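User: I am new to this structure and would like a close look at a single part of it, the nonpolar patch on its surface, and then at how the rest of the chain is put together around buried residues.

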Amino acid sequence: MPSSPQSKGKPTALRPLPSLIFSSRWLQLPLYLGLIAAQAVYVFHFWVELVHLLEAVFGNQNALQALIVGIGYKSDASITRLNETIIMLVVLGLIDVVMISNLLIMVIVGGYETFVSRMNLEHHPDQPEWLDHVNASVLKVKLGTAIIGISSIHLLKTFINAANYDEKVMMWQTVIHITFLLSAMAIAYTDKLMSHHQSSGGH
């Protein structure tokens, strides 16, 4: 029997227990607010490092030493000015912060949209393109690729500053990076198989 126009647009009233269980999704809201606070910390850290870099360019020794300590750079000779290696390591560190920030945005926006509540961004001019078709599977694949990018930056920083790292540390970082890569490939392949199975079942 077809539903009436009045009942078609009206949301179904849930019983008390299902309503309580479904409302429990809002318990995740403080978690996403906490990630926003973490995002603010990363923004502050980014600008502190950038200011130190700019000050070191103009010969500020305190800023230079702060950069050297921050990137874990060591040298037998006394370092009194920026060199290419220090600049490269600092810039890679800034890129690392940006990529982690991007990861946080994906988790905050995508996770809230997927698991908590719709944000109704369909007609917003700044709606992220990936959010238009986001679901739990797509979010996992995107997070996996983002983690691989972050791991790649860390691995590159390690190899550039290889003289200050033990061989075992470099080996284990490489193994972990390969593990991340294989895990992301496995997740993407599994998602592809599930999508193919669902599309085949629909016909």
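Analyst: In this predicted model, a nonpolar patch of about 550 Å² lies on the surface and is made by I147, M171, W172, V175, I176 and F180. Helix α7, which covers residues 167-202, supplies the largest share of that patch, namely five residues. One of the patch residues, F180, is found in helix α7, and F180 counts as partly exposed because its relative accessibility is 36%, which falls between the 20% limit for buried and the 50% limit for exposed residues. Another residue of helix α7 is L182, and L182 counts as exposed, since its relative accessibility is 53%. L182 can also be placed relative to G144, for these two residues are 38 positions apart in sequence, while their C-alpha atoms are 9.9 Å apart in space.

To set the patch in its context, it helps to step back to the whole chain. The secondary structure of the protein chain comes to seven helices and zero strands, so that a reader following the sequence meets the pattern α-α-α-α-α-α-α. The accessible surface of the protein chain comes to about 14200 Å², and 66% of this surface belongs to carbon and sulfur atoms. Of the 203 residues in the protein chain, 27% are buried. Among the contacts in the protein chain with a separation of 6 or more, 60% are accounted for by residues 24 or more positions apart.

The buried side of the model can be followed through its nonpolar cores. The largest nonpolar core has 13 residues, and the members that touch the most other members are L64, Y73, L82 and I86. Two or more residues of this core are given by each of the elements α3 (29-57), α4 (61-71) and α5 (84-116), and the largest share, five residues, comes from α4. I86, taken as an example, touches L64, I68, I71, Y73 and I79, when residues up to four places away in sequence are not counted. Apart from this core there is a second, separate core of seven residues, which includes L103, M106, L139 and A146.

Helix α4 deserves a slower reading. Its buried residues are A63, L64, L67, I68 and I71, and, seen down the axis of α4, these buried residues fall within an arc of 140 degrees, so they line one face of the helix. A general point about helices helps here: an α-helix has 3.6 residues a turn, so residues three or four places apart point the same way. The face of α4 that is turned away from its buried side carries the exposed residues N62, V69 and G70, whereas the cover over the buried residues of α4 includes α3 and α5.

Helix α5 also holds G93, a residue that counts as buried because its relative accessible area is 17%, under the 20% limit. G93 and K157 are 64 residues apart in sequence, but their C-alpha atoms are 8.0 Å apart in space.

Returning to the part you asked about, the surface patch takes its largest share from helix α7, while the largest nonpolar core takes its largest share from α4.

Technical notes:
Residues are numbered from 1 along each chain as its sequence is written. This is a predicted model: local features need pLDDT of at least 70, side-chain atom pairs count only at pLDDT 80 or more; totals for chains, interfaces and linings use all residues. Side-chain values use heavy atoms; hydrogens and water are left out. Patches are made of residues with over 30% relative accessible area and no salt bridge: like charges are joined within 9 Å, nonpolar side chains (Val, Leu, Ile, Met, Phe, Trp, Tyr) within 5 Å. Accessible areas come from the Shrake-Rupley method with a 1.4 Å probe; for residues, only the protein chains shown count as cover. A salt bridge is a side-chain nitrogen of Lys or Arg within 4 Å of a carboxyl oxygen of Asp or Glu. Helices (H or I, at least four residues) and strands (E, at least two) are DSSP runs, numbered from the N terminus. Buried means under 20% relative accessible area, exposed over 50%, partly exposed in between (1.4 Å probe, protein chains only). A nonpolar core is a set of buried Ala, Val, Leu, Ile, Met, Phe, Trp, Tyr and Cys residues joined through side-chain atoms within 4.5 Å. Contact means heavy atoms within 4.5 Å. The arc is that of the directions from the helix axis to the C-beta atoms.
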